[in-house]
Amino acid sequence: MVTALRAPQVPHAVPSPRTPEGGRAGTAAGSRLRTLDGLRFGAAAGVLLYHFTARWSTAWGEEPAARFGELGRVTSYFALGPELFFVISGFVILWSAWGRSVPAVVGSRVGRLFPAYWTALVLTSVLLLVLWPDGKDITLGQVAVNATLLQEVFAVAHVDGVYWTLWAELRFYAIVVVLVAVGLTRRRVLAFCALWPLAGLVAEHAGASWAQTLLVSRYAPLFAGGMLLFLIHRDGHARLPWALVGLNVVVALVNVVPAQLASLSRNTAFVPSPVVLGLLVVGCFAAVAALTLTRLARVDLPVLTTLGVLTYPLYLVHEYWGWWTIHLLHDAVPTPVALLAAVAVSLGLAWAVHRVVEKRAQGPLRAAVEAGLSRLVATYRPRGGAVTRPRAEDRALRTAAGR
């Protein structure tokens, strides 16, 4: 959610000249992997269809399966959209962080994450407190805690269920910040992506809840797999990173398939196939690899970027606003019309959040956070301490990423 998730803008760097260090230098500023923009939007659209046509809710006045039948059985598998988000996030967040300072990374993530989140929280809270109180029982105190994005820490329910993915993303961002503070190198990232998911797997099976929270254990192999695919994109194919991608695919299957079996059996009228779920988990890695490491990465359709910028706000606002639209229309119009209206309302709200809030607030918030943290770092830096400068390759990547 994911990742959100919200992923940073990603440059298009296939093919590109190799640097003396063996990596790929960035391409012209302003270029990007538009294919990932399209993939992110597709994941969000899949989650939307899952919520509107398969997941149980009161919106239709009956079980969605009664309205959509076999279509609902298919769209129930779109519940794996967040898993796809997490693989994409591993790729693009590592790319965004490479060669940057801790203040710059933190500022970038805060600027990306919070303006749309706070806006969506206000919109959904107004809907559920004023316009549609029967949609879900929430309180102002719950809304206030949700504004921190730390509601799970305080055992407070999410105002909107999709926010659970942001908690996973937030912990992943914290891990990346620690890696940046230590110093990002290829060797360190490879070692981390080998050990982190295995440590998470041990935590899952040991039932150590604190370790599961700290390690983002269930989703660690998805993030780590995306990070490894970025290294392959950056440095070229090699046996070790591909072997570690395979390791993370296996761990992801162990973590995700049983959890999704339980979740879909509980939240839909369908009994999912573990084989299909397994294939879709593998497909999350395969899709990101195909769209970043093959000729498909050269696809340069601006419409994909237009869709990409709507992904995060669409994910945040669609659930209850779409269900409310369905609630109002399902007895008055044919089912397809009610569904299309819910999609249209969700897209319209997403466009408004992006145009009115994200475009205006992201830059100033990012700059303010980065400047504040930079002053704090300068205050506590020992006198005469050397300032590490990024390599020429890293500066090129930052230029290409527009950061």
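These legends accompany close-up views of a predicted model.

**View 1. Phe 86 and Trp 164 pair edge-to-face.**
The structure holds 20 aromatic pairs. In this one the ring centres of Phe 86 and Trp 164 are 6.0 Å apart. Their planes stand at 85°, so the pair is edge-to-face. The contact links distant parts of the chain, with Phe 86 in helix H4 (residues 81-97) and Trp 164 in helix H7 (residues 164-182). In sequence, the two are 78 residues apart. Phe 86 is buried, at 0% relative accessibility. Trp 164 is partly exposed, at 26%.

**View 2. Phe 192 stacks with Trp 196.**
The centres of these two rings lie 5.0 Å apart, with 25° between the planes. Both residues belong to helix H8 (residues 186-206). Because they are four residues apart there, about one helical turn separates them. Trp 196 has 3% relative accessibility and counts as buried.

**View 3. Ring pairs build a cluster.**
Phe 86, Trp 164, Phe 172, Tyr 173, Phe 192, Trp 196, Tyr 219 and Phe 223 are its members. A charged residue also meets one of these rings: Arg 109 lies over the face of Tyr 173. The distance from Arg 109 to the ring centre is 5.3 Å.

**View 4. Helix H7 and the residue just after it.**
H7 has 19 residues. From first C-alpha to last, H7 reaches 28 Å, close to the expected 27 Å. Gly 183 follows just after H7 and takes a positive phi of about 120°.

**View 5. Arg 34 forms a salt bridge with Asp 300.**
Six salt bridges are found in the whole structure. Here the closest N and O atoms are 2.4 Å apart. Arg 34 sits in helix H1 (residues 34-53). Asp 300 is in the loop between helix H12 (274-293) and helix H13 (302-329). The partners are 266 residues apart. Arg 34 is buried, with a relative accessible area of 18%.

**View 6. Arg 186, Arg 234 and Asp 235 share a salt-bridge network.**
Asp 235 meets Arg 186 at 2.9 Å, N to O. Asp 235 lies in helix H10 (residues 220-235) and Arg 186 in helix H8, so this bridge ties together parts 49 residues apart in sequence. Arg 234 also bridges to Asp 235, with the closest N and O atoms 3.0 Å apart. Asp 235 is buried at 15% relative accessibility, and Arg 234 is buried at 5%. Arg 186 is partly exposed, at 27%.

**View 7. Two buried cysteines, Cys 193 and Cys 284.**
Cys 193 has 0% relative accessibility. For Cys 284 the relative accessible area is 6%. A search of the whole structure finds zero disulfides.

Terms used: Residues numbered from 1 in each chain as written. Predicted model: local features only at pLDDT ≥ 70, side-chain atom pairs only at ≥ 80, totals over all residues. Heavy atoms only, no water. Phe/Tyr/Trp six-rings, centres within 6.5 Å; stacked < 30°, edge-to-face > 60°. Buried < 20%, exposed > 50% of the residue type's maximum accessible area, 1.4 Å probe, protein only. Lys NZ or Arg CZ within 6 Å of the ring centre and 35° of its normal. Expected span 1.5 Å × (residues − 1). Disulfide = S-S within 2.5 Å. Salt bridge = Lys/Arg side-chain N within 4 Å of Asp/Glu carboxyl O.
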